[in-house]
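Hi there,

Here is the structure I promised to pass on to you. Have a look at it first, and then read my notes below.

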Amino acid sequence: MNDFKENKKFLMQYRITQKKIDELEEELSKLDDQAHVQSQKLTGMPSSESLNDYDTLIVHKTSVQDEINRLSIIARKQFKTVLEVILKLNNKDYRDILELYFLYRLTLDDIALKINMSCRNVERLYSQAVKSCR
């Protein structure tokens, strides 16, 4: 079982990074909305307080975008590394299931539907595939 945990931790790295990127992109979208509202308030003669609020918002947006960019670089490397490990597996079902789960972030239930296999069989193959990695 130790191999399973270690292998899964290794394979999960891309999935975890992508989840962080998704969360940051959602935050960035909310900040974009706030910035739009703030910019509407700045028409005419804006107060120094509203300018400070807008500047703070823009700085925060930039910070979030920088973090998305940083994580995206890491994610591309992780994707490549994880894909290389998956492609070394001899069993096509193993490769397909792990690729769909770890790289394309489908659930095991969604994978079962996609490849027309029972959930129980996909779960069994998933466990065997993870143990077979590295």
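**The two cysteines**

Cysteine 119 is partly exposed, with a relative accessible area of 34%. Cysteine 133, on the other hand, is buried at 7%. These words have fixed cut-offs: buried means under 20% relative accessible area, exposed means over 50%, and partly exposed lies in between, all with a 1.4 Å probe and with protein chains only.

How many disulfides does the count come to? A disulfide is a covalent bond between the sulfur atoms of two cysteines. The rule used here asks for a pair of cysteine sulfur atoms within 2.5 Å, and by this rule the count is zero.

**Before you go further**

Please keep in mind that this is a predicted model, in which local features need pLDDT of at least 70 and side-chain atom pairs count only at pLDDT 80 or more, while totals for chains, interfaces and linings use all residues. Residues are numbered from 1 along each chain as its sequence is written, and side-chain values use heavy atoms, with hydrogens and water left out.

**The chain as a whole**

The chain has five helices and zero strands, so its elements read α-α-α-α-α from the N terminus on. Helices (H or I, at least four residues) and strands (E, at least two) are DSSP runs, numbered from the N terminus.

What radius of gyration does the chain have? The value is 21 Å, whereas a compact globule of 134 residues would have one near 14 Å. The radius is taken over C-alpha atoms, and the globule rule is 2.2 Å times the number of residues to the power 0.38. Along its principal axes, the C-alpha trace spans about 65 × 25 × 20 Å.

Of the 134 residues, 34% count as buried. The chain exposes about 8800 Å², and carbon and sulfur atoms supply 50% of that area. Accessible areas come from the Shrake-Rupley method with a 1.4 Å probe; for residues, only the protein chains shown count as cover.

Contact means heavy atoms within 4.5 Å. Among the contacts in the chain with a separation of 6 or more, 67% are between residues 24 or more positions apart.

There are also 22 positive and 21 negative charges, and their mean positions are 9 Å apart. Lys and Arg count as positive and Asp and Glu as negative, while His and the chain ends are not counted. Each charge is placed at NZ of Lys, CZ of Arg, CG of Asp or CD of Glu.

**Helix H1**

Helix H1 covers residues 2–41, and asparagine 7 is found in it. Asparagine 7 counts as buried because its relative accessibility is 6%. Which residues does asparagine 7 touch, not counting those up to four places away in sequence? They are Val130, Lys131, Cys133 and Arg134.

Alanine 35 also has its place in helix H1. The C-alpha atoms of alanine 35 and asparagine 7 are 43 Å apart, with their positions 28 residues apart along the chain. Alanine 35 is buried, at 7% relative accessible area. Leaving aside neighbours within four places in sequence, alanine 35 is in contact with Tyr54, Leu57, Ile58 and Lys61.

**Helix H2**

Helix H2 runs over residues 48–87, and serine 48 is part of it. Serine 48 is exposed, with a relative accessible area of 55%. From serine 48 to leucine 87, 39 residues along the chain, the C-alpha atoms are separated by 58 Å.

Arginine 70 lies in helix H2 and is partly exposed at 43%. Its C-alpha atom is 9.6 Å from that of isoleucine 21, although the two are 49 residues apart along the chain. Leucine 51 is in helix H2 too, and its C-alpha atom is 9.2 Å from that of serine 39.

**Two loop residues to look up**

Most residues other than glycine have a negative phi. Arginine 105 is not a glycine, yet its phi is positive, at about 60°. You will find arginine 105 in the loop between helix H3 (92–103) and helix H4 (108–114), where it is partly exposed at 30%.

Asparagine 116 has a positive phi as well, near 55°. This residue sits in the loop between H4 and helix H5 (119–132). Is asparagine 116 buried or exposed? It is exposed, because its relative accessible area is 73%.

Happy exploring, and best wishes!
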